[in-house]
Amino acid sequence: MKILITGTAGFIGFHLAKRLIADGHEIIGLDNINDYYDVRLKYARLKETGIDQPAIVEGQLLQSNVFTNYRFIKLHLEDRPALEDLFATEQFDVVVNLAAQAGVRYSIENPHTYIYSNIVGFINILECCRHNQIKHLVYASSSSVYGNSDSIPFTEDDRVDYPISLYAASKKANELMAHTYSHLYCLPTTGLRFFTVYGPYGRPDMALFIFARAITEGKPVKVFNNGDLSRDFTYIDDIIEGITRIIGHIPDANNPHPYYQLFNIGRSHPVPLMDFIRAIETSLRKKAILEMYPMQQGDVKTTYADTSDLEAAVHYKPETSIEEGVARFVEWWRKL
């Protein structure tokens, strides 16, 4: 298949591109390479797929110097004319939209960025898919849409009408927009609610990266809500396996919501924050210096995925333990 993956300088997009390239698909990666976090990490990911920084020219497709079935383009999703030209020229079979402005706390400080990238960018993706007969649009949603729900574990049928961050609201908006296009234009769409993804090449604004750096440097680790938090940490390889299987599981007219579906992807095993920190300490062989803080605005106390729908649809359940996943991250971390 010919597949467009947006966000391939990002954490999940990078790993998905590597997997689908290895599977033999023709892949075009897209990213705007913004400076939300250190762009050196983004360029390092791109280099792993044969895309060298000096050769990148915005708006121009660049052939990988490692993989014959991979090309990359630096482009903003908000650039509608350029995106329309790309779709019309390349005629993709499938689109996996992972490009978005991430970060719960950052959305409180920089709300307009989320509207441009996550709302305007996504409507441009939907319009391009609609007008180019895309067989399946798979897009990233987030466990943050569940907010402070008291319904544990979180299921796809839960009401998610009360987001507590603009990031979460933008992801809920994506789901609503996708449903509208599935309903109006019979565009097959699948939203994936990711649960706290971690692993090698992970984002430096995420807890694992922050904690590992602080512990390594002997600096205090900020522990919010006095440590009374838990997350359904999901290892990156499990996320990629789930996405890969979902690509071929296309919703049709017989779906409960025709041409539209949503899935949680998580390990279904919430890990207390203090256990998470202990796993990092074990892998680094160094104790953390802890500083306790109150709950942060926009944060939720617990995330916990019910993945029974995913298991029924594609016969897959993420299973990498936090100890194994953290150890793999630290092995990569030590090489930096």
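This text describes the packing of two helices and then the cysteines of the structure. The model is predicted.

Two packed helices are described by the angle between their axes and the distance between the axes. Here the pair consists of helix α3, spanning residues 80-90, and helix α5, spanning residues 111-131. Their axes come within 10 Å and cross at roughly 30°. Angles under 35 degrees count as roughly parallel, and α3 and α5 are therefore roughly parallel to each other. The crossing of the two helices is right-handed. On the α3 side, the contact is made by Arg80, Leu83, Glu84 and Phe87, while α5 contributes Asn124, Ile125, Cys128 and Cys129. By character, the residues of this contact comprise five nonpolar, two charged and one polar.

The contact residues of α5 include Cys128 and Cys129, which leads to the question of cysteine pairing. A disulfide is a covalent bond between the sulfur atoms of two cysteines. How many disulfides does the structure hold? The number is zero. The criterion is a pair of cysteine sulfur atoms within 2.5 Å. For cysteine 129, the closest cysteine sulfur belongs to cysteine 128 and lies 7.1 Å away, which is too far for a bond. Cysteine 129 is also buried, its relative accessible area being 1%.

Cysteine 186 likewise lacks a partner: the closest cysteine sulfur to its own is that of cysteine 129, at 14 Å, and this distance is too far for a bond. Whereas cysteine 129 is buried, cysteine 186 is partly exposed, with a relative accessible area of 43%.

Technical notes. Residues numbered from 1 in each chain as written. Predicted model: local features only at pLDDT ≥ 70, side-chain atom pairs only at ≥ 80, totals over all residues. Heavy atoms only, no water. Axes fitted to C-alpha atoms, helices over the stretch in contact; angles between N-to-C directions. Helix = DSSP H or I, 4+ residues; strand = E, 2+ residues; numbered from the N terminus. Parallel < 35°, antiparallel > 145°, perpendicular 65-115°, else oblique. Left-handed = near helix turned anticlockwise from the far one by under 90°. Contact = heavy atoms within 4.5 Å. Nonpolar A, V, L, I, M, F, W, Y, C, P; charged D, E, K, R; others polar. Buried < 20%, exposed > 50% of the residue type's maximum accessible area, 1.4 Å probe, protein only.
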